[in-house]
Amino acid sequence: MIKPTLLGRAKGWVFFLWMYLCALGMFPFVFLCWIPTLFSSLREIGELGIDTLVGWWIAMASSLIDYMYDVDFRVYGDKLQTCSAGKKQILVANHRTRIDFFFIMHLLHKVSYPSAHLKILLKKVFLMYPVVGAIMEFARFMFVSRDAEKDVPYLRKMYRRLKESSRPAILLLQPEAYTLTSRTVEEMEDYASSKGIPPFRRVLFPRPSGLLTALETLGDDVTELYDVTLGYHDLLDTTEPFTEVDFTIGGRQLKRLSVNIVQYNTSYIPKDREGLQKCLRKVWEHKDSSLAELSGTGIYARKEQKLREKSLIPIIRFQLLNAVTLWALYHSSNFLILYILSASLPVALALFGHPSAMAQWIVF
């Protein structure tokens with residue numbers, strides 16, 4: 001069990017406030033980049049501006065993880081290939097914690113992949129985070145409720161929007177849908193027993209719906225598919241849950257994380273549900289065995305990649321952006337009014353239970 005510490009709580013509060021306040025400073029720029037492109041041919045310019053700002057925010061988060069948490073982060077296996085214009089890539093990852101997406105962001109930054117291209121499939125609860133949730137949806141992150149009747153049509157619309165865009169994108173999917181806990185492991189074991197199949201130990205059974213919908217909708221635009229295995233050394237032999245609260249203000253610090261990347265040729269990926277289900281099962285069997293190997297030896301049996309050195313540049317760059325925001329707030333009453341309106345609108349929508357209303361109107 002990872003025990004909370006006073007220092008860990010202090011670091012968590014600083015990380016949380018830093019990230020949130022920077023999001024508040026970024027929001028007016030996201031709002032201003034987007035609005036002029038709503039009804040014009042300049043829409044993709046607005047998308048470029050928003051993606052760039054979100055990419056800077058992700059890079060800053062990665063740098064903060066480097067300097068504040070000092071996680072021993074290692075990457076093994078195949079290298080991520082840069083995605084060309086108009087093309088899409090898909091990452092499929094195991095779902096060990098509720099902060100997996102943070103470390104996928106960290107992964108992209110550490111292997112020098114353009115993090116501005118990242119699009120994540122998240123649970124709808126993240127939309128309830130005022131301002132941050134709205135920014136993520138403006139950046140075309142996707143939010144699901146685990147209700148296939150609602151989620152599949154919504155995802156098809158979002159994937160079609162990605163397909164229509166000339167901008168590259170790398171899509172993060174976690175087919176397990178739920179994080180690994182004692183409850184979800186028990187449910188998996190009951191299901192495995194009813195089907196007469198062996199359960200996994202360190203991952204859950206994958207579900208094909210999200211990936212199948214992406215492959216069907218994006219079609220030949222998908223150039224690479226990567227299997228990403230997140231191995232949290234502190235959590236390998238336990239079903240202990242780990243949430244965003246634990247990671248930040250809870251003060252529970254992860255010490256080491258090893259990531260294994262396997263690239264697959266998309267031409268060999270089945271496009272029918274049954275075939276894709278069998279394919280994912282085999283991939284997850286390999287994932288489970290690689291995590292067992294990691295638990296025993298401490299490393300994956302693959303070549304370790306050289307990672308980017310930690311740097312203060314992403315942090316400094318974003319603070320300069322915040323300085324521009326503060327300068328504009330101080331010198332312009334009109335900008336102050338715009339800032340208050342743009343920042344309060346997603347808060348109001350979240351309070352009234354409609355956090356995605358504005359962004360969905362813009363996207364669709």
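Aspartate 66 sits in helix 2, which spans residues 43-69, and in this predicted model the residue is buried, with a relative accessible area of 10%. Buried here means under 20% relative accessible area, so the value of 10% places aspartate 66 in that class. Once its neighbours within four places in sequence are left aside, the residues in contact with aspartate 66 are His106, Lys110 and Lys310. Both His106 and Lys110 appear among the buried residues of helix 3, and the path therefore leads from helix 2 to helix 3, which covers residues 100-110.

Helix 3 is largely enclosed by the rest of the structure, because 11 of its 11 residues are buried. The buried residues include Phe101, Phe102 and Phe103, along with Ile104, Met105, Leu107 and Leu108, and they also include Asp100, His106, His109 and Lys110. In general, an α-helix has 3.6 residues a turn, so residues three or four places apart point the same way. In helix 3, however, burial takes in 11 of the 11 residues. After helix 3 comes serine 112, whose phi is positive, near 60°.

A positive phi is also found at two other places, each of them in a loop. Aspartate 70, which is not a glycine, has a phi of about 50°, and it lies in the loop between helix 2 and strand 1, the latter being residues 72-77. Arginine 140, likewise a residue other than glycine, has a phi near 65°, and it belongs to the loop between helix 4 and strand 4, the latter being residues 142-144. Their surroundings can be set side by side: aspartate 70 counts as exposed because its relative accessibility is 55%, whereas arginine 140, at 3% relative accessibility, counts as buried.

Helix 3 leads on to the pockets of the model. The largest pocket holds about 590 Å³ of space, and of the 27 residues that line this pocket, the closest to its centre are Leu121, Val144, Arg146, Gln174 and Ala177. At least two residues of the lining come from each of helix 3, strand 3 (118-123), helix 5 (148-164) and helix 7 (209-218), and helix 5 gives the largest share, with 4 residues. Sorted by class, the lining of the largest pocket has 14 nonpolar, 5 polar and 8 charged residues.

The second largest pocket holds about 410 Å³ of space. It is lined by 18 residues, of which Phe16, Phe102, Tyr129, Glu244 and Thr248 are the closest to its centre. Two or more residues of this lining are given by each of helix 1 (6-34), helix 3, helix 4 (132-138) and helix 8 (244-247), and the largest share, 5 residues, comes from helix 1. The lining of the second largest pocket divides into 16 nonpolar residues, 1 polar and 1 charged. Helix 3 thus supplies at least two residues to the lining of the largest pocket and two or more to the lining of the second largest pocket, while Phe102, one of the buried residues of helix 3, is among those closest to the centre of the second largest pocket.

Elsewhere in the chain, glutamate 187 is found in helix 6, which runs over residues 182-195, and at 44% relative accessibility this residue counts as partly exposed. The C-alpha atom of glutamate 187 is separated by 9.5 Å from that of leucine 204, which is 17 residues apart from it along the chain. Two cysteines may be considered as well: cysteine 83 counts as buried at 5% relative accessibility, and cysteine 279, at 21% relative accessibility, counts as partly exposed. With a disulfide taken as a pair of cysteine sulfur atoms within 2.5 Å, the count of disulfides comes to 0.

Taken as a whole, the chain has 12 helices and 7 strands, and 55% of its 364 residues count as buried. Among the contacts in the chain with a separation of 6 or more, residues 24 or more positions apart account for 82%. The accessible surface of the chain comes to about 16,600 Å², and 61% of that surface belongs to carbon and sulfur atoms.

Terms used:
Residues numbered from 1 in each chain as written. Predicted model: local features only at pLDDT ≥ 70, side-chain atom pairs only at ≥ 80, totals over all residues. Heavy atoms only, no water. Buried < 20%, exposed > 50% of the residue type's maximum accessible area, 1.4 Å probe, protein only. 1 Å grid on protein atoms, 1.4 Å probe; cavity = no way out; pocket = protein on both sides within 12 Å on 5 of 7 lines; lining within 4 Å. Points joined across faces, edges and corners; volume = space filled by probe spheres on them. Nonpolar A, V, L, I, M, F, W, Y, C, P; charged D, E, K, R; others polar. Contact = heavy atoms within 4.5 Å. Areas by Shrake-Rupley, 256 points an atom, 1.4 Å probe, with all protein chains shown as cover.
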